[in-house]
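Student: Please take one strand of this model and go through its surroundings closely.

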Amino acid sequence: MQTKKLGVNSIKIGLEAHCQLTTLKTKLFCSCSTNYRGKEPNTLVCPVCLGIPGSLPVLNLRAVESAIMVALALNCKISRRTFFFRKNYYYPDMSKNFQISQYDRAGGIPLSTAGNVYIRVDHKRKKINIRRVHIEEDPARLVYAGTIDTSPYTLIDYNRSGIALLEIVTEPDLSSPREARIFLQKLRSILEHLGVSDGGLEGAMRCDANISIVGGPRVEVKNISSFKEVERALNFEIVRQKDLVSKGVSVERETRHWDETRRVTISLRTKEEEHDYRYFPELDLIPINITKSWLTQLQLKMPELPDARRIRLIKQYGLPSYDAEVLTSDKSLADFFESCVKLGKPPKTVSNWLMTDVLRCLHDLNLELTEAKFTPEQLVEMISLIEDGVISGKIAKAILLDMIKTGKSPRLIVKERGLVKISSREELESFIKQVCEENPKAAEDALKDEKAIHFLIGKLMQKTRGRADPELADKLIKTHLALMKSRI
Amino acid sequence: MASQLYFLTAKECVHEIMTGEVTAIDCISSVFERIRKVEDQVHAFITLTEEVALRKAQEVDNKISRGDKVGKLAGVPIAIKDNICTVGIKTTCSSRMLCNFVPPYDATVIQRIKEEDAIIIGKTNMDEFAMGTSTELSYFGPTHNPWELSRVAGGSSGGSAAAVSVGETILGLGADTGGSIRCPASFCSVVGLKPTYGLVSRYGLIAYANSLEQIGPLTRDVYDCALLLSVIAHYDPKDSTSVNVPQKDYTRFLVKDIRGIKVGVPKEFFGVGTDPSVARCLWNGIAKLEALGVNYEEISLPNLAYSLPAYYLIAMSEASSNLARYDGVRYGFRVDRDDLDWSEAFSESRRIGFGMEVKRRIILGTYALSAGYYDRYYLKALKVRTLIRRDFEKAFRKFDVLIGPTMPLPPFKIGEKINDPLAMYMCDIDTVPINLAGCCGISIPCGFVNGLPIGMQIIGKPFDEGKILQVAYTFEQNTPFKDTRPSL
């Protein structure tokens, strides 16, 4: 059997993103606190979110408002009347063995349908259609010893049970794992601009992905615990499916589980074992009427969204389109940028630092910008140090990692590590003299060949640990060489 | 004299206590003496709380002697159906599944009666999870009808009705999904009212079929019924289906005058399944009402023919989901076996924890909600429900109340129908339409056939409890049945 290279349009990916409304103070159907991260397990619970017999849910209307704003931001059609359904299935993370959710069949009407969002892939705009946005409750958190299929027990933490969750479902419009990541990044930025969700929190944004290759069956990958993982999980799945095809084995329609630790997907159930969720109306809750006036009120509350902000950054600060795109793909990054500019630094300079060195350092430290102790004031101070000739750009790059890691001011780090630029003529001359003496051959070459000077400058930088003022050094070396020449 | 206190009405009891004739302790002691005498034969209770009750009675007496303000039900003993959550008191639903369940909270109605200083004396027997018409289907054994111990007390609130009837309590609370208050009221010759859906909070009522059920009073006379209803009928933000209607003192509707009231008598209530002795008894009652000044007319509600199948489909579907939470993880019965995985442990706990009838209804309900059957069964039942509601709406445009028998037959023998579920279901034919339509209904004693009680059902339009209480009161005040007691 021959394997063919897969074309661009041969992969179809649809996503089901689950985003917690982390900025709500209380859960979706009770008044328990949502602030469960780092808390003692099973302390933020009540009869409602524990599913104690006799308890009844009461809808948190703030959650509905947040959901409507998300749906508006994704250009969805908002239902005028919506209600909840029960999704029935047995699983240890479900306190009632049904999830209060919404449904688009059997007479159900989800909060919103038929939206779209544009992403940028390699400088091209691509429209991703949104099938629906609806509200549901988060199940409890399951904790395994090791992995799901080897753990001898399962611990259940109901602190997460009943947290308001948005389900955002795309059409299968994504054609690569990378696009999936870009889409989710965009989604996260939109949610953060709306102030409804902090995607940086562990478990706040998760997703399931449906993927099919060249018309093959749809495979669902569950338990992708963060947007970062999605690209990895999908890449694995593509390799797995291609491998099967190349061996002449057909891909089965099934549901698989992404094992983050081992970085593989494992089969959960085949098509025959698919759940019948027996959706039917949740009659303990009454329908929600979304009136025109309520909708108008929410429309007026809509903040600036990433697309609008991108355009504004281009117009207001003269940024290149690419810079504006990168900055607005993460709300905290765009906020950081604007703070620095407000403190008086040239937009493009700030943008360059953020897009390249700052992002690289964050990546190396595996930190979110919001998690780092790094402030706009510190970046501004660092840029000032360069402008004032106190440090070189090279030194700046060298201390950035430290700044981000420790939150120390650049001035302090420079002082502690003795990294102030050597701009004193005498001091530099003495270094140059040493370098020439230690490298007589190079110095001799340099007398004849200008290009060899670079070698000497390199040696000088090495000796001064990068602190030599490059312009002055260049000038002084040339002077020194000229002096040597005249002596010959 | 204290030995007869248990046959007082709540009104008389409060009066005696407030005038200092007797103490709350006297009343509670009297009731427990009575319980010690007859409970072995009747078996109305699952749990008795004598110690706590006496302590509470002492508190009430102290309040009174200090001259503090006390509630409307000061010192009155009340028995609670065992599917209404009581903090710190076992609430079993007559099921092995919940035989050790102690709720961590009080149902809203329990808070209300406590605020009015009523005294809980125990939790009463019922059909398991309220699924039954006879209180035979209890894990703890059947309740016996005080009028003839070999017969059933009716169900599912049989324990509360029998206890009121035989003087083991003065007030009782039941819950009515398809007749569970009115049926035992009829069989035990007491007053039982099923309030309009949404009038009384369901918070803390362990759900069987949540779109149908309401908590309501079981009492010795109509005045007590109005009094207890006034206490429990309250808007409750914890129950989203609770309707915010102005609060009423229902005892104000109790005028002895029903002249000019228009009564409809649906012929469907006297169909082939109706025992002729019941029909005769009812027509005697209707003749009495006519003599008291009502105008009655025979009418037809054609869709009542479909009410039983519609009711059972809806109730079983809802039950299959409501009872899913009993998996042994957090409370209730759990198999103690390490060799099972979670799914097997869930199944095994449910297999052993639930009784036959409960399992039958869960399985049938699961089937009715399954993919491919949902439209044919559940949705169709909902449509029938709408038609039935319209029949009632139409009738209430012309009539103030509708009247018929509560039960199509006198109390039957224990064991007579236990192996014939369909025959048992047929007994609900006159009560379920009222739940489907969301109307209110009251059952009052209407006479005896061979010493067995027969009940008259008076049905009112939604939130028109005042009217049915008025008719019931006038009938009661002009007939001798209220003061007839079982010979036990």
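Tutor: S2(B) and strand S6 (residues 171-176) of chain B pair in the parallel sense over three bridges, where pairing requires that DSSP finds at least two bridges between the strands. Strands here are DSSP runs of E with at least two residues, helices are runs of H or I with at least four, and both are numbered from the N terminus. This is a predicted model, in which local features need pLDDT of at least 70, side-chain atom pairs count only at pLDDT 80 or more, and totals for chains, interfaces and linings use all residues. Residues are numbered from 1 along each chain as its sequence is written, while chains are lettered from A and ligands numbered from 1 in the order in which they are written.

In the pairing with S6(B), Ile78(B) stands opposite Leu171(B). S2(B) is also joined to strand S3 (residues 119-124) of chain B, by five bridges and again in parallel; there Ala79(B) faces Gly122(B). Helix H4 (residues 108-115) of chain B completes a right-handed β-α-β unit with S2(B) and S3(B). Right-handed is meant as follows: with the strands pointing away from the viewer, the path from the first strand over the helix to the second runs clockwise.

As for burial, five of the five residues of S2(B) (residues 77-81) are buried. A residue counts as buried if 20 or more other C-beta atoms, placed from the backbone, lie within 10 Å of its own; 12 or fewer make it exposed, and values in between partly exposed. Pro77(B), Ala79(B) and Lys81(B) cover one side, and Ile78(B) and Ile80(B) the other, with both faces covered.
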